[in-house]
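Thank you all for coming; I would like to walk slowly through one structure that will be new to most of you. Please have a look at it first, and then I will go from the chain as a whole to individual residues.

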Amino acid sequence: MKTIAEINDKILQNRAVVWTVEELKAKVTPDNISQIAQEVDVITTGTFEPMEASGAVINLGHTDPPINIKTCWLDGVPTYSGFGAVDLYLGASQIVEDGEDGHERGGGHVIEDLIAGKSVHLKASGVVSDCYPRSSFETTITRDTINQFYLFNPRNLYQNFIVGVNGGDRPLYTYLGPLQPYLGNAVYSNPGAISPLINDPDLQLIGIGTRIFLGGGIGYITWEGTQHFPLQKRLENRTPIGPAATLALIGDAKQMNSYWVRGCYFKNYGPSLMLGVGIPLPVLNEEVITRCAVSDAEIVAPVVDFAIPRRVRPTFGLVSYSQLKKGKILIDGKTVKTAPLASISRSREIAQELKKWIESGTFTLTEPVATLPLDRSFLPQNIWGSQINLD
């Protein structure tokens, strides 16, 4: 029906019709799919959730005399320096080594501070050579005093995830937060039907080079994410029953807003990064509308028992996101309270903000330069396959 080039022409002429994915889900029926596909040009999606497999590339610029950095700390957080004299990589989940914040501060907090324009203390030691005679360096840096500062995230935007519970007899502290014993609570991370990749389950609309909303600025999909697993088992509507596709993302952090990039800490687990990501989905045909019409009642996730200290943990079966969002689910006859890690309200804000960008003509769509692979797997091929009954 349409091409991305045709949609971009309408965007530049301020004639594009843009709906958020929630607006679509509220209006679509089996009888009006064709009409909506003709009327709407772009559907915007968003999520704001923890994405610990994130980090920032920072180039400091050369000192005088020059230094070849061997070890470096930003506000006490170690950075990786093994790929250039003054190039650094700051991981979001790296833990501070000292300071009054103890271990409750990490790389994600430093990234947030830099994006917010705050000063960050830098301490570095170097490998002395004829090219780089300086042995140490200490200063403060800001977003404006460094050369490059961009997020380069190896794994973001899980296409679905798990629900964590604790069937043991003591509290557990996990990347989903605290899990209370005896099935005291259940925590889920993915925002469900509004999540970007749930609405493009077979990755037909995005690819390498797709322009996105990242942290309040413009970013791009650069590759498949680590642990990319599109071969996950799927329902008839093509949504996966557990963790599936992931994306690697990049974007200029100097353009970002700390409202959308927030350092966080999980008690007795470690630091992470709350990150806002939004993806525009071009309405190229009626199938796009059909896929985006999926509801929370039609998407499921596995309930996983973290009390078993194994890579492959037993599950209590599948639960729908509509059940999760009601605030309680039933596990083995027991009512268990549920809570999301993702911010549903901020996820909606991202979809709305991206919609405004497109409607104003300041954000156009890009043609992917390559598709994302759909045949990736890892061992074991399906870590949920032997535990979950789909019936």
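Let me begin with a definition, since I need it at once: the radius of gyration is taken here over C-alpha atoms, and the globule rule that goes with it is 2.2 Å times the number of residues to the power 0.38. For 391 residues that rule puts a compact globule near 21 Å, and because the protein chain has 22 Å, the two agree. Before going on, I should say that this is a predicted model, in which local features need pLDDT of at least 70 and side-chain atom pairs count only at pLDDT 80 or more, while totals for chains, interfaces and linings use all residues. Residues are numbered from 1 along each chain as its sequence is written, and side-chain values use heavy atoms, with hydrogens and water left out.

Staying with the whole chain, the C-alpha atoms fill a box of roughly 70 × 60 × 35 Å, taken along the principal axes. The protein chain has seven helices and 22 strands, where helices (H or I, at least four residues) and strands (E, at least two) are DSSP runs, numbered from the N terminus. How much of the chain counts as buried? Of the 391 residues, 54% do, with buried meaning under 20% relative accessible area, exposed over 50%, and partly exposed in between, using a 1.4 Å probe and protein chains only.

As for contacts, which mean heavy atoms within 4.5 Å, let me take those between residues at least 6 apart in sequence: 73% of them join residues at least 24 apart. The protein chain exposes about 16800 Å², and carbon and sulfur atoms supply 49% of that area; accessible areas come from the Shrake-Rupley method with a 1.4 Å probe, and for residues only the protein chains shown count as cover.

Now to the strands, and to strand 2 in particular, which covers residues 42–50 and is mostly covered, with nine of its nine residues buried. Which strands pair with strand 2? Two strands pair if DSSP finds at least two bridges between them. Strand 1, residues 18–20, is joined to strand 2 by three bridges and runs parallel to it, whereas strand 18, residues 270–282, pairs with strand 2 in the antiparallel sense over nine bridges. I43 is a useful residue to find on your screens, as I43 in strand 2 stands opposite W19 and also stands opposite L281 in strand 18.

Let us move to helix 4, residues 107–115, where again nine of nine residues are buried; among them are the charged-type residues you may want to locate, E112 and D113, together with H109. Helix 4 is followed by G117, whose phi is positive, near 90°. From here we can step across to T142, which lies in the loop between strand 8 (136–141) and strand 9 (148–156). Leaving aside residues up to four places away in sequence, T142 touches L114, K118 and S119, and at 16% relative accessibility T142 counts as buried.

Strand 20, residues 315–320, holds two further residues that I would like to show, and one of them is S320. At 8% relative accessibility S320 counts as buried; S320 touches D296, A297, I299 and V300, again not counting residues up to four places away in sequence. The C-alpha atoms of S320 and D296 are 6.6 Å apart in space, although these residues are 24 apart in sequence. The other is T315, also in strand 20, which counts as buried at 15% relative accessibility; T315 and G164 are 151 residues apart in sequence, and 9.4 Å apart from C-alpha to C-alpha.

Finally, some backbone details. Most residues other than glycine have a negative phi, and most peptide bonds are trans. Where, then, is a cis peptide bond found? One joins D64 and P65, with omega about 0°, and P65 is in the loop between strand 3 (55–59) and strand 4 (69–74). L203 has a positive phi, near 55°, and lies in the loop between strand 13 (186–188) and strand 14 (211–214). D332 has a positive phi too, near 50°, and is placed in the loop between strand 21 (328–331) and strand 22 (334–340). Are these two buried or exposed? L203 counts as buried, at 6% relative accessibility, whereas D332, at 66%, counts as exposed.
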